[in-house]
Every structure is written in structure tokens, then in C-alpha cells.
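Colleague: I am new to this structure and should like to understand the terms used for it. May I ask, term by term, what supports each one?

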Amino acid sequence: MNPFNRRRLLKGVAGSGAYFLACGCSQAQPTAAGCEVADPRALADGNMSTFAFAADNVVRKSGIEHLDDDLAFALTTIRTAFSIDPGFAFYNDGQVGNATVSKESIVDGSKGTVLFGLKLLKDLLAKPDGDAAVVAVCAHEFAHILAYDTGLHDQLVPNLSRPFRGEQHADYLAGFFAGQRKLIHSDYPAIVFLQTLRSMAGGNHGTAEQRAEAVWTGFQAAHDEKISFNEGIQKGFDWAMKRKEV
């Protein structure tokens, strides 16, 4: 496993370096609800997800040395950037490798829940620039929570069996986030966001080309056009609503 570079990670959290970690949605098996589950505290309805989230399936720590402390700092940065405060936990994602969200809360004082699969976490950290890959997945997932929080989700996904535009919006905002970080730190590995999310294409998330285009378009809006995050949310929404599945 590629170890976390804690100094790079924490420097990014402090705003003086290139990296920081958080959480997101990735290569979920195609399901009716894409990256979303109805209630992470109980067995999910078969029409909502192929993944079962029993109470004993969710854990608060990864079990990877030093990662949990680093992640606690990093989550603060992501939450601040997105102006949301979801709960976060790990879960046993079996042999699939996945991360998901729910608008329901399992952490007191939070709004919504992000669940990051332990297998997915280990798979990503085993790759070169694995910490940045995890950030990319996390930014995508936080974008789903943001869509719930802003009320955009129902417009993006009026039918849970067709979540494609919601996934495109989340990829766009992940790219936007990377673009903003690249403005602050010229060595920020924004390309890893595109590579990571592109590699996790399929099912409700769209093709590799669609995912890459969404990330790149969001990146350009932030990095080249230098619009605000609030403007990015709306511009990403307008862009995603025009997207068509192939």
C-alpha cells in the first residue's frame, strides 16, 4: 500500500500545500439510485441499492495507521469548501469497492452521511498519488450532499432510476474543487481527479468520456474563469441539466 504522505496532506488542510483528503462516490455497481442509499442505518430496500448497510457494517475508523487522524483534519477542509457538514464513516464494502451517500444522518449534529468503503480506500491508497485519488472520490460524494442541501438534487434526479445528471453535477463540482485548489497551489495534482473519476465510469455514472468531460469542464470554470464556488454550483447545475445519457 502506498503510505499517506502526512505532511503533504496536512499542509493542504492548512492551506499551504497541495493535498488534502475527504470522501466520495466512485465505481458503484449499477443500481437504481446510483451512489445513494435511502437509510445507512438499516438494510437498504432492494429497489434502492444492492448494498446492505446494517448498523454493524458501519465503522468510525479505517484501521489504517495514522490515516484517521489525517482524515479528520482533511474533512474539515472539504466541509469548509463545500459549506456543508455531513457525517462521515467507513463501511465494509465487500469485494466491490464503493462509496456512497445518504441524506439521512447517523452522526449527531451532522446533515447527511458519507460512507467510504474500506476496500475502495485501500485500493485507492495502493495507487501512485493515492491520497489525491481519494480526495477526488470524496469531492464527488460531498457534491451529492451539497445537491441535497441546496435542493438541486430533486431537479437533477427527478427519477431515482435515472441519476445520470446528478452524477455529472457531482463530477463537475469535483473538477471545480480541484481547479480552485490549483489556483492556490500550482503543483496541486488536479489531473488525478480526472484520471480517477474517469477510471470509475460505468452504469449510472456515465462513460469514461462523459466523466472526464464533466471534471474538466468544472476545473476550467474554477481555474480559468475564476468564478466563485456558488457560481460554480449553479453553472454546474445548468451544464448537467443539458447532459444526455448515451
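Modeller: Let us begin with one strand of this predicted model. In E3, Ala 99 and Val 101 point one way, Thr 100 and Ser 102 point the other way, and all are buried.

Colleague: What makes residues on E3 point one way and the other way?

Modeller: In a regular strand the side chains alternate between the two faces of the sheet. E3 shows this with Ala 99 and Val 101 on one side and Thr 100 and Ser 102 on the other.

Colleague: Which strands make up the sheet, and in what order?

Modeller: The sheet is open and has 4 strands in the order E1-E2-E4-E3, with mixed pairing. Its edge strands are E1 (58–59) and E3 (99–102), each of which pairs on one side only.

Colleague: Why is the pairing called mixed?

Modeller: Strands of a sheet pair through backbone hydrogen bonds, either parallel or antiparallel. In this sheet, E3 pairs with E4 (residues 113–117) in the antiparallel sense over 4 bridges. E2 (residues 87–91), by contrast, pairs with E4 in the parallel sense over 5 bridges.

Colleague: How do you know that E3 and E4 count as paired?

Modeller: Pairing requires at least two bridges, and E3 and E4 have 4 bridges. Among the bridge partners in E4, Phe 116 belongs to Ala 99, Leu 115 to Thr 100, and Val 114 to Val 101. From E2, Ala 89 stands opposite Leu 115 of E4.

Colleague: Why is E4 said to be largely enclosed by the rest of the structure?

Modeller: A residue is buried when its relative accessible area is under 20%. In E4, 5 of the 5 residues are buried, so the strand is largely enclosed by the rest of the structure. Both faces are covered: Thr 113, Leu 115 and Gly 117 lie on one side, with Val 114 and Phe 116 on the other.

Colleague: What lies across E3 and E4?

Modeller: Helix H4 (residues 130–150) lies across E3 and E4, and runs at about 15 degrees to E3. H4 also packs against helix H7 (residues 190–199).

Colleague: Why are H4 and H7 called roughly perpendicular?

Modeller: The angle between H4 and H7 is about 70 degrees, and their axes are 8 Å apart. Angles of 65 to 115 degrees count as roughly perpendicular, and H4 and H7 are therefore described in that way. H4 contributes Ala 132, Ala 133, Val 135, Ala 136, Val 137, Ala 139 and His 140 to the contact, while H7 contributes Val 192, Phe 193, Thr 196 and Leu 197. By type, the residues of this contact divide into 9 nonpolar, 2 polar and no charged.

Colleague: Which residues touch the most other members of the largest nonpolar core?

Modeller: The largest nonpolar core has 60 residues, and those touching the most other members are Phe 82, Phe 90, Phe 116, Leu 121, Leu 124, Phe 177 and Phe 193. H4 supplies the largest share of this core, 13 residues. Apart from this core lies another, of 5 residues, among them Val 58, Ala 89, Tyr 91 and Leu 115.

Colleague: Why is Ser 83 called exposed?

Modeller: The cut-off for exposed is over 50% relative accessible area. Ser 83 has 59%, and is therefore exposed. Ser 83 lies in the loop between helix H2 (67–82) and E2. Its phi is near 55 degrees, a positive value in a residue other than glycine.

Colleague: What makes Lys 226 exposed?

Modeller: Lys 226 has a relative accessible area of 56%, and so counts as exposed against the cut-off of over 50%. Lys 226 lies in the loop between helix H8 (208–223) and H9. Phi of Lys 226 is near 60 degrees, again a positive value in a residue other than glycine.

Colleague: Why does Glu 231 count as partly exposed?

Modeller: Partly exposed covers the range between the cut-offs of 20% and 50%. Glu 231 has 45% relative accessibility, and therefore counts as partly exposed. Glu 231 is in helix H9 (residues 229–241).

Colleague: How many helices and strands does the protein have?

Modeller: The protein has 9 helices and 4 strands. Of its 246 residues, 57% are buried.

Definitions and conventions: Residues are numbered from 1 along each chain as its sequence is written. This is a predicted model: local features need pLDDT of at least 70, side-chain atom pairs count only at pLDDT 80 or more; totals for chains, interfaces and linings use all residues. Side-chain values use heavy atoms; hydrogens and water are left out. Helices (H or I, at least four residues) and strands (E, at least two) are DSSP runs, numbered from the N terminus. Contact means heavy atoms within 4.5 Å. Axes are lines fitted to C-alpha atoms, for helices over the stretch in contact, and angles run from 0 to 180 degrees between N-to-C directions. Angles under 35 degrees count as roughly parallel, over 145 as roughly antiparallel, 65 to 115 as roughly perpendicular and the rest as oblique. Ala, Val, Leu, Ile, Met, Phe, Trp, Tyr, Cys and Pro count as nonpolar, Asp, Glu, Lys and Arg as charged, and the others, Gly among them, as polar. A nonpolar core is a set of buried Ala, Val, Leu, Ile, Met, Phe, Trp, Tyr and Cys residues joined through side-chain atoms within 4.5 Å. Buried means under 20% relative accessible area, exposed over 50%, partly exposed in between (1.4 Å probe, protein chains only).
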